[in-house]
Amino acid sequence: MSNSSITLIKNSRIITDKSDFVSDILIQNEKIISIEKGINVEENFNVHNAEGLLALPGGVDCHTHLENKFGQSITCDTFDTGTRAAAFGGTTTIIDFAFQNKSRSAQQAIEYSIGLAENKAGIDYSFHLVLSHIDQQSLIDLKNVINNLGISSFKMFMAYPAIMANDAAIYQSLKVTGENGGLICIHAENGPVIDQIVKENIKKGLTSPGHHGFSRPAIMEAEATNRVIKLSELTNAPIYIVHVSCKESLYEVIAARKKKIKVYAETCPHYLFFDDSVYKSDDFDVAKYVISPPLRKKEDQEILWQALVKDDLQVISTDHCPYTMKEGHLGKTNQKPLGLNDFSKIPNGAPGIETRLPVIFEGGVNKGILSLNRFVELVSTTPAKIFGLFPQKGTIAVGSDADIVLFDPKEKNTISASNHQSNVDYSLYEGMEINGKVKKVFLRGSLIVDKDQWVGSYNYGKFLKRGETCKV
Ligand code: DUC
Ligand code: ZN
Ligand code: ZN
């Protein structure tokens, strides 16, 4: 066989959500065209010997924040640094956010976000449309966005006064998305009550970052989760609960799924590895853990891991929302130190885009909690299915995009911000030893990461028009 656009991966152990076998993978014109043993091509073509390596479908991270503006703060990773960081961590597709509001229509928001990403993204991308202003016109726009612009998922916040949606707005939006194959992602926390608790704590002089954690009770996450589940039940429209952090809201999700209400849910690595004991210190270093929902009890971790095993939770995403700890790092301003004297001013979020596959491989697969198939399902296949990207993304199969991660399950490495790709100046996982390393990453057949080298280009990543959601 001869063709200059051909790439051959030899002898990898291919892991999908359902299978595990050794074979060769032949790629042409961005797609996988054959999976069988003993494929041969002429010597001068791209041949990668992958004996001893796992071939995983490229990770799909359906919850990232690159160049997102919240209040005065902009997340510190841009589409180039953030997508490069994702690639080094084995992720080849992200779904980020476009922000609609009263003065920016749905279409303008999407065009704006595509404008930020194009010519910068090193991996493929799409956006959930954040809905913070609902009126008659914006409900009409929703239909158009789903049917004509390739954006089939949305996000609504039940917290944060500036962007919060009330129950009526969520109800109205669910009616439209439910009838048009769309899906609304929900940040479920009772915003008004939490804002009241925050004010009370600041008034008492409890201003250090740890008080963020103690101002956002788990039962207020559970209450909002329950409330939005009822709206989903009422409208018969699917919902996706982002960043489930605790058993209280998880139990709401489990109960709803038992009743066949169309609820899907994710958790994020930080809730699996860290707990609220970090908030006990008065040190400003705790600002690293100022995320919403906050870290929960140690006992919640094991419950979340087991929920991932049992499919009570379907996805692990990162909620990569990075802000630097040092003001002015790489020229970034209005970062975590904004809240030096008042935790409520600390921008909420933590990084994770670069470490998702490695830490879940270590904490899940190496610890014997997750099978390799389930690992792939959680980080790639199911997010692709839920968000309308499967089978283009999320699997290794003939006809799918050749997004492939060659992963050495034996190579040891230690996570450190000193050698990561992201603009952020810390890692939650600093010093964590991982048995397993991303060796090569292919995006639509092109090699973009080769050991420790970035060999991709910042205009190869493309905007993905997505189809009907919840094909799971
Ligand atoms: N929730 C998110 O989903 N992302 C960033 C901040 C937040 O609270
Ligand atoms: Zn959120
Ligand atoms: Zn988020």
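**View 1. Ile-9 of strand β1 has Ile-25 as its bridge partner in β2.** This is a predicted model, in which local features need pLDDT of at least 70 and side-chain atom pairs count only at pLDDT 80 or more, while totals for chains, interfaces and linings use all residues. Residues are numbered from 1 along each chain as its sequence is written, chains are lettered from A and ligands numbered from 1 in the order in which they are written, and side-chain values use heavy atoms, with hydrogens and water left out. Strand β2 covers residues 20–28 and pairs with β1 in the antiparallel sense over seven bridges. Four residues sit between β1 and β2, and the two form a hairpin. Strands here are DSSP runs of E with at least two residues, numbered from the N terminus, and two of them pair if DSSP finds at least two bridges between them.

**View 2. Strand β1 also has parallel neighbours, β4 and β5.** Over four bridges, β1 pairs with β4 (residues 46–49); here Leu-8 has Val-47 as its bridge partner. Two bridges join β1 to β5 (residues 54–57), where Ala-55 is the bridge partner of Ile-14. Seven of the nine residues of β1 (residues 7–15) are buried (under 20% relative accessible area, 1.4 Å probe, protein chains only), so the strand is largely enclosed by the rest of the structure.

**View 3. Here is what surrounds ligand 1.** Take a look around the ligand and you will find His-63, His-65, Lys-155, Tyr-160, His-187, His-243, Ser-292, Asp-319, Cys-321 and Asn-348, where near means that a heavy atom of the residue lies within 4 Å. By class, this shell has two nonpolar, six polar and two charged residues; Tyr and Cys count as nonpolar, Asp and Lys as charged, and His, Ser and Asn fall among the others, as polar.

**View 4. Oxygen atoms of ligand 1 have polar contacts with Lys-155, Tyr-160 and Ser-292.** A polar contact is a pair of N or O atoms within 3.5 Å. A polar side-chain atom lies 2.4 Å from a ligand oxygen for Tyr-160 and 2.9 Å for Lys-155. For Ser-292, a backbone N or O atom lies 3.3 Å from an oxygen of ligand 1. The protein covers 98% of the 230 Å² of accessible area (Shrake-Rupley method, 1.4 Å probe) that ligand 1 has on its own.

**View 5. The structure holds zero disulfides.** A disulfide is a pair of cysteine sulfur atoms within 2.5 Å. For Cys-76, the nearest cysteine sulfur is that of Cys-321, 9.4 Å away. Cys-76 counts as buried because its relative accessibility is 0%.

Note on methods
Polar contact = N/O pair within 3.5 Å; in protein donor to acceptor, adjacent residues only side chain to side chain. Buried < 20%, exposed > 50% of the residue type's maximum accessible area, 1.4 Å probe, protein only.
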